[in-house]
Each structure stands twice: as C-alpha cells, then as structure tokens.
Amino acid sequence: MIDKMEKALVEIRRRKPLILCLTNFVTMEFVANSLLALGSAPIMSVCEDENHELVKIASALYINIGTLDHNFIRLAKKAIETAKELNKPIIFDPVGSGATTIRTEISKSILPFAKFIRGNSSEIISLSDNTQSTYGVEANNTTDEAADIAKRLSLDNNSIVIVSGPVDFLTNGTKSIKVPFGSPLMQMVTGMGCSLTAVIAAFQSAVEDPFESAVIAAHYFALCGHVVSKAHQTPGAFKIAFLDQLHKPDFALMRDLYDSRR
C-alpha cells in the first residue's frame, strides 16, 4: 500500500491535475491548501458564466453542498450537465444530507451522476430511503451501520462510496475495505471531511482503477493524520502539521504503522 501511495503521489505531481471545486465557504481555503499540498491544482468558482469553460479544462469536478443556497444549486446542476457531456468524473460530498429536506433532495438528485460519494455514516444512510435524520453535519451512526447501504448505493449508481469515520469504509458494491488509521483530532478540525473528498478527486486523476484510487487516497489521508497526531495534540497545531504531512509525507513511519495493523 505504501508503495502505491508513493507512486500515486509522484504521478499527481507530474500531472498536476486541475480540480474544479464547487464547495462551501467554511472550508474552501483548507480544501484548496490540501490540494496544493498534494501537488494538485485547485480552482474554486461561484460564477455560472465560467462554468462550462472550467469543467472543460478540469480533470475532475468536486461538488460539496456545505453552504447550500439556490444559486449554488443552479451552479452545480449546470456543472453536472457539462461534466456529463464531457465525460468528466464527479466527486460528491453530501454535507448535512439528512439534516434538512432540501439537502437530502439535492443530494439524491446529484447521486446518480457522481463517480465517487464521500460522506459520514449518517449522510450516506440518508441517501437511501431511510428516514432517519442527522444532527447537522455530525454523524449519529457508526460506519458499520452504513456499510450495507453504502454497498447498495454503489451498485445502484455504479459509483465508489466512501463512508468516513474513526474507521473509514470504502466499497464499489462488490469489493469493500476498511481503513483503520487516523486521529480523533481530525474530528476537531473543520473541513477534514471536505478535504478528504478533494484528495480523492486528486488521486483518481492519477490512478487508473477508480476503486483503487479511492483506497489509496483514504489510506494516505488517514495515515497523514495518524503520523501528525504522534507529535501534535491540539487542533490548531494539528491542522498546520497535517498540511505539511500531505506535502512531505513520512513514508517510513507510515510503513511501520501500516505493517503493524496487518
């Protein structure tokens, strides 16, 4: 796994994939910095007039509904139409789905077009016909509780579903894997989930197999957090050190951590 991560990171930095991010205002800077730290090229947009041109030159379209309004909905729908027309992959983060009717409805409408869907357990459960509500953007469920729904959503939509939490769960409907790394501090930094989705967008641009790209990205992200938590125990210091680790990873320590869990 570590060798695959190293190879993928080299490829990201060689290709420097442009990721068009239609994302929320709360975490926009952290998402952009995470992509830059990897070696990818983020571009953020809220302008409908440039939508088609940006989708055309982007390697992938990342949609995050964290700060949802009607202008954003219109922007996202137009971008999805263009991405579908140009066969560009869509990576979707259904932030807060299940918390309100509009978030859930918009998330379900985007779901069939997304190649990758990354959310916490409650957000993923809300994308099914389950009527259980969420508490804002916080998960009320465990990853295991969302696993069967994630598999079904993946098969129904021909997508990769990533359920993030203390242990991440990834599936393409037929193959599934758990990623047990990370740190509780990651839950104390806003935008960690949003950045994971962006990191997945970058890795899928550099790894041919979609499921493998998500598995590599999730391991890389979680191991970066795990490594950083060894030296930094407060959210502010952790956040800065995490960006540094994304940029200059300690693969030797990651290998030790990975091998110890096998």
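Which residue's side chain does D3 meet in a salt bridge? The partner is R255, with 3.1 Å between N and O. The model described here is predicted. Its strands form an open sheet of eight, and the structure holds eight salt bridges. The points below take the sheet, the helices, the salt bridges and one buried serine in turn.

**The sheet**

- The eight strands follow the order β2-β1-β3-β4-β5-β6-β7-β8, and their pairing is mixed.
- The edges of the sheet are β2 and β8; each has a single partner strand, so one side of each is left without a neighbour in the sheet.
- On average, neighbouring strands of this sheet are turned by 20° against each other, direction ignored.
- In general, strands of a sheet pair through backbone hydrogen bonds, and the pairing is either parallel or antiparallel.
- Strand β7, residues 168-171, and β8 run antiparallel and are joined by four bridges.
- L170 has I177 of β8 standing opposite.

**Helices α2 and α5**

- Helix α2 (residues 28-38) lies across three strands: β1 (18-22), β2 and β3 (60-64).
- The angle at which α2 runs to β2 is about 155°.
- In α5, the residues R103, T104, I106, S107 and I110 are buried.
- An α-helix has 3.6 residues a turn, so residues three or four places apart point the same way.
- What covers the buried residues of α5? The cover includes the strands β3 and β4 and the helices α4 and α6 (121-126).

**The salt bridge between D3 and R255**

- D3 belongs to helix α1 (residues 2-15) and R255 to helix α11 (residues 251-261), so their salt bridge ties together parts that are 252 residues apart in sequence.
- R255 has a relative accessibility of 31%, so this residue counts as partly exposed.
- D3 and R255 are also linked with E6 in a network of salt bridges.

**The salt bridge between R74 and E48**

- R74 forms a salt bridge with E48, and their closest N and O atoms are 3.0 Å apart.
- R74 sits in helix α4 (residues 70-86), while E48 sits in the loop between β2 (41-44) and α3 (51-57); the pair links distant parts of the chain, 26 residues apart.
- Are these two residues buried or partly exposed? R74 is partly exposed at 43% relative accessibility, and E48 is partly exposed at 28%.

**The salt bridge between K178 and D144**

- The side chains of K178 and D144 meet in a salt bridge with an N to O distance of 3.0 Å.
- This pair links distant parts of the chain, 34 residues apart: K178 is in strand β8 (residues 176-179) and D144 is in helix α7 (residues 143-157).
- K178 has a relative accessible area of 47% and is partly exposed.
- D144 counts as exposed, because its relative accessibility is 52% and the cut-off for exposed is over 50%.

**A buried serine in a loop**

- Where does S97 lie? S97 is in the loop between β4 (90-93) and α5 (101-110).
- The relative accessible area of S97 is 0%, so this residue is buried.
- The side chains of S97 and S126 are joined by a polar contact of 2.7 Å.

Definitions and conventions: Residues numbered from 1 in each chain as written. Predicted model: local features only at pLDDT ≥ 70, side-chain atom pairs only at ≥ 80, totals over all residues. Heavy atoms only, no water. Salt bridge = Lys/Arg side-chain N within 4 Å of Asp/Glu carboxyl O. Helix = DSSP H or I, 4+ residues; strand = E, 2+ residues; numbered from the N terminus. Buried < 20%, exposed > 50% of the residue type's maximum accessible area, 1.4 Å probe, protein only. Polar contact = N/O pair within 3.5 Å; in protein donor to acceptor, adjacent residues only side chain to side chain. Pairing = 2+ DSSP bridges. Axes fitted to C-alpha atoms, helices over the stretch in contact; angles between N-to-C directions. Contact = heavy atoms within 4.5 Å.
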